[in-house]
Amino acid sequence: MKWLIGHLWLIPFFPLVAAAVIAFMKKEKREAAPFFAIGAILVSFVLSCLLFLAFIGIQKTPYGHGLSVHLSHYLWFVTGTTPEIVSLILDPLTLTMLFVVTIVSSLVFIYSLGYMHEDPNIVRFFCFLSLFAASMLGLVISNHLLILFMCWELVGVSSYLLIGFWYEKPEAAAAAKKAFIVTRVGDIGFFIGLLLLYQKTGTLLLYGGSYPAIFSHETLDLLKINAVTLPLFGGVILTTILGVLLFFGAMGKSAQFPFHVWLPDAMEGPTPVSALIHAATMVAAGVFLVGRMFPLLEGSGAMPVIAWIGGITALFAATIAVAQFDIKRLLAYSTISQLGYMMMGLGLGGYVAGIFHLMTHAFFKALLFLGSGSVIHGCHGEQDMRHMGGLRKAMPVTFWTYLAGTLALAGIFPLSGFWSKDEILLEAYLHHRPLYWIGTSVAFLTAFYMFRQIFMVFFGSWRGHGQAHESPQTMLWPLRILAILAVFAGLIGTPFLFGNPFRHFLAPGHHAPDPSFFVMAVSTGVALFGIFVAYLLYGRKPLTGEDPLLSYLKGIFILLQRKYYMDELYQNTFVKGANGLARFFREVDELVIDGFLSRTGWATLVLSRFNQWCDNFFLNGGFDRACDGIKGSGGQLRRVQTGRAQDYLLIAAVGAVVLYFLSRIL
Amino acid sequence: MGLFFVVLSLMTLLGALGAMLLKNLVHCAIGLVLFFIGIAGFYLLLQAEFIAAVQILIYVGAVATLILFAVMLTENVIGETTLKGLGRNRWAALILSLVVGGVLIKAIGHQTFSAAQVAERVSTREIGRSLLTTYVLPFEVISILLVAAMIGAIVIAMERNKRMGE
Amino acid sequence: MIPLSWYLTLAAVLFTIGLYGVLARKNAVIVLMGIEIMMNAANLNLIVFSRFLPQTRLSAQVFSLFGITIAAAEVAVGLALVIAIFKMMKTIEVEKIEQLKG
């Protein structure tokens, strides 16, 4: 089993091979495709379990903060005489993620077999799913930031492919594009961070063993002492600026405010995709990244930024979730809110708390999404909760498992969500009171909107069309297993059983804060209160017509329902802004120059001669197109979209020169 | 040595300028050939005989011929050529090229390579050996690339023809 | 003995000439020629370094061989594209080819 630790690459290898095999599979053999994918991910799952046993079995080699880390280095290439070493890592964080990713993936793959049964493109679906699983597994085992970044982008690509899986729907295609572009904005920050890190340290290895690496004491000290001077900000310590830049990537991937807009739209993809990628694994990659970079971030000025962004996101998304009617969109906002929770926990220094919540959240949110998929399947594609109701009788298994997931998410004792949420709240309570109150109000809102959903979907009377039916067994078994995990997984991280084994596993050296019964009591109290309020509004009498909350909150409810008009804001600022600027230039062209030329005859002659002279002598390149613009076509800004390869090349060359000069200035 | 350098420099510079600035496309192609030969001369001067031979074979032998064929297939050679001039970006292009050139030359001024000693001559045997040992993977990959490019070129250039013939 | 910087300067000037041709000429074939000039200038640098920096003497030559090969492949495909475009659009004026926009 020790052998396996040296061959970590085997874990992403199997899904990758499955993806390749499926991609080249003939259409006639399509029945075999899902089984290939499921087999491969199950192999990875078994390997992860074996790795876990091997890991806890062998002698620990302390590294840094008493963590045990196993590295396997490979030579990538040699530049001049400098070898570029890449390496794979096995540490408690990787193991946790491997376990979460493989188990959720396996269950979602099996579920998809039932859910996508009738889709003609099921082969393509499983190919993409396997590709996703492979890149996600690669992401968590890589010890080299460039490899990590590659897997990060691969994960983004497979997410794009899967959101746009039903690309014949225009909304799905648009959502895929939106997800890709919005996360890319964050990735720019990530990439600049990587470049800066490489420039300052000369390596992108995280843990090095005998090689120079970022998390070695010398490098960390170097980064903590030195500063860069930025325009506007003045001198900033390197760890702070690096932390913020890397966090940009995490914000994009984990849908943190203000990059959260893509995640709800991503619900256009098939539901298993939403469960696997947009709830349990990929969106957690940002949280994972922050966890991975924790030795660098710890104590730096980036931590308050992370904590506050997380807190704001948690509250912001939870309030939006209150007013949603689409069963999946509500869960999407809930996911954003919970991701914010994790970020907040990490930002407050609660490394274990954040990662623990990541794990429990993966289980219960995957469960909820798969449950919602089952509901949608049972209601013949209906997603609006106003047209559901009373499904408790028609879909008993879905109901009970969904209820388990909801209770876990709401943080009811002793389900998994209670323990992990409580650790985050405890960190906040000890270190930062304002964030503690934000967290507590989010706990209330979470319980409220989840039970609003439960009452609307499963209680009352059926308001939809046709007959709802229970889903097939391939879909129900994953639900049952996830429900068990959602209920019991939290017990590995309680302070009351064996003194929090999860904490000892993940961060052996860290001192655990003492459990506070006040925090536990308050969080349970607000959760129960949230459920009670939801019962008063939605449970007592079945929903008829309008949402009762609408009559109480009116304008606010509409504001929340429209998601604070964030999409409209972006549409009106960034998208319209670019268009408007282009139009402005055209107007200027048409009104000022055109008017000038056409109305004054003599002046025109002189001016056009002057113009011509300018053209021929020194302004030709720049102004020629503007003169063409007089004919009513373009304007300066439209130049960038001329469609001519040469112009694009010109602009690229200008960009290269500008970058050169920037690099000299900075 | 110095004399050779000056002569070859003039040859390559004139060749390149001619290829980029002349009106007649055939003249451009001839300028390009001059440039290629000049570069091969530099390789000889730098004692890279094998690369010089490759340069002559591939560039003068194959690339220049291909370019001449392309000129003849797309233009009316003897008579009027419609596309002799510069595009509308000419001034921007000039300024930008000058800036890029300035940046490059400035960067050369900053170079810190200690060029005190001169490397030994690389024998063809050594190149051949390393191509099949150290660099065997890139060598195979580039072979595949060449085959792919060859097939691709044929397919791209043929397809329309076939359709027209039908 | 010619100093290193002379070679590098010459290569930079050649590169600039090639860049100008690529950006300014109308004819697609000449644009391709410009790219060839730029590639050759880069290759010249490689060989110069193979001569002046002993630790790169072999790898630079091998690399320049690969560079030449790629240039050959590129010119083959590029010219095939030019011919295909000419047959389709009856022009090889790069400014008339405007389909590269949304």
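Tutor: Axes are lines fitted to C-alpha atoms, for helices over the stretch in contact, and angles run from 0 to 180 degrees between N-to-C directions. The structure is a predicted model, in which local features need pLDDT of at least 70 and side-chain atom pairs count only at pLDDT 80 or more, whereas totals for chains, interfaces and linings use all residues. Residues are numbered from 1 along each chain as its sequence is written, while chains are lettered from A and ligands numbered from 1 in the order in which they are written.

Student: What makes H1(C) roughly antiparallel to H2(C)?

Tutor: These are helices in the DSSP sense (runs of H or I, at least four residues; strands are runs of E, at least two; both are numbered from the N terminus). The axes of H1(C) and H2(C) cross at roughly 165° and come within 7 Å. That angle makes the pair roughly antiparallel, because the class takes angles over 145 degrees (under 35 is roughly parallel, 65 to 115 roughly perpendicular, and the rest oblique).

Student: In which sense does H1(C) pass H2(C)?

Tutor: The crossing of H1(C) past H2(C) is left-handed; the term applies if the near helix is turned anticlockwise from the far one by less than a right angle, and a clockwise turn is right-handed.

Student: Which residues make the contact?

Tutor: Residues are in contact if their C-beta atoms, placed from the backbone, lie within 7 Å. H1(C) contributes residues including C:Leu8, C:Phe15 and C:Val22, and H2(C) contributes residues including C:Ile30, C:Met38 and C:Phe52. By class, this contact has 19 nonpolar, four polar and no charged residues. Nonpolar covers Ala, Val, Leu, Ile, Met, Phe, Trp, Tyr, Cys and Pro; charged covers Asp, Glu, Lys and Arg; the others, Gly among them, are polar.

Student: What makes H7(A) roughly antiparallel to H9(A)?

Tutor: Helix H7 (residues 170-201) and helix H9 (residues 238-253) of chain A pack at about 150°, with their axes 7 Å apart. The angle therefore places H7(A) roughly antiparallel to H9(A). H7(A) also passes H9(A) in a left-handed crossing. Among the residues that meet are A:Val182, A:Phe190 and A:Lys200 in H7(A), and A:Leu238, A:Leu245 and A:Lys253 in H9(A). The contact of H7(A) with H9(A) divides into 12 nonpolar, six polar and three charged residues.

Student: How do you know that A:Phe190 counts as buried?

Tutor: A residue is buried if 20 or more other C-beta atoms lie within 10 Å of its own, exposed if 12 or fewer, and partly exposed in between, with C-beta atoms placed from the backbone. A:Phe190 has 27 such neighbours and therefore counts as buried. A:Phe190 lies in helix H7 of chain A. Leaving aside residues up to four places away in sequence, A:Phe190 touches A:Phe149, A:Leu245, A:Leu246, A:Phe248 and A:Gly249. A:Phe149 is 41 residues away from A:Phe190 along the chain, and their C-alpha atoms are separated by 8.6 Å.

Student: Why is A:Gly57 called exposed?

Tutor: A:Gly57 has 9 other C-beta atoms within 10 Å, so it is exposed. A:Gly57 belongs to helix H3 (residues 32-57) of chain A. The C-alpha atoms of A:Gly57 and A:Lys2 are 9.1 Å apart, although the two are separated by 55 residues along the chain.

Student: What makes helix H12 of chain A mostly covered?

Tutor: Nine of the nine residues of H12(A) (residues 284-292) are buried; among them are A:Phe288 and A:Arg292. Across chain A, buried residues make up 51% of the 666 residues, and the chain holds 28 helices and six strands. Chain B, by comparison, has six helices and zero strands, and 30% of its 166 residues count as buried.

Student: Which helix supplies the largest share of the side of chain C that touches chain B?

Tutor: The contact draws 64 residues from chain C and 71 from chain B. Helix H1 (4-24), helix H2 (28-52) and helix H3 (57-89) of chain C each supply at least two residues of that side of chain C, and the largest share, 23 residues, is from H3(C). This side of chain C comprises 44 nonpolar, 12 polar and eight charged residues.

Student: How confident is the predictor in chain C?

Tutor: On pLDDT (the predictor's confidence in each residue, from 0 to 100), chain C averages 86, and 95% of the residues score at least 70. Among the elements of chain C, H3(C) has the lowest mean, 87, and H1(C) the highest, 91. For the complex, the predictor gives an ipTM of 0.90 and a pTM of 0.70.

Key. Two residues are in contact if their C-beta atoms, placed from the backbone, lie within 7 Å.
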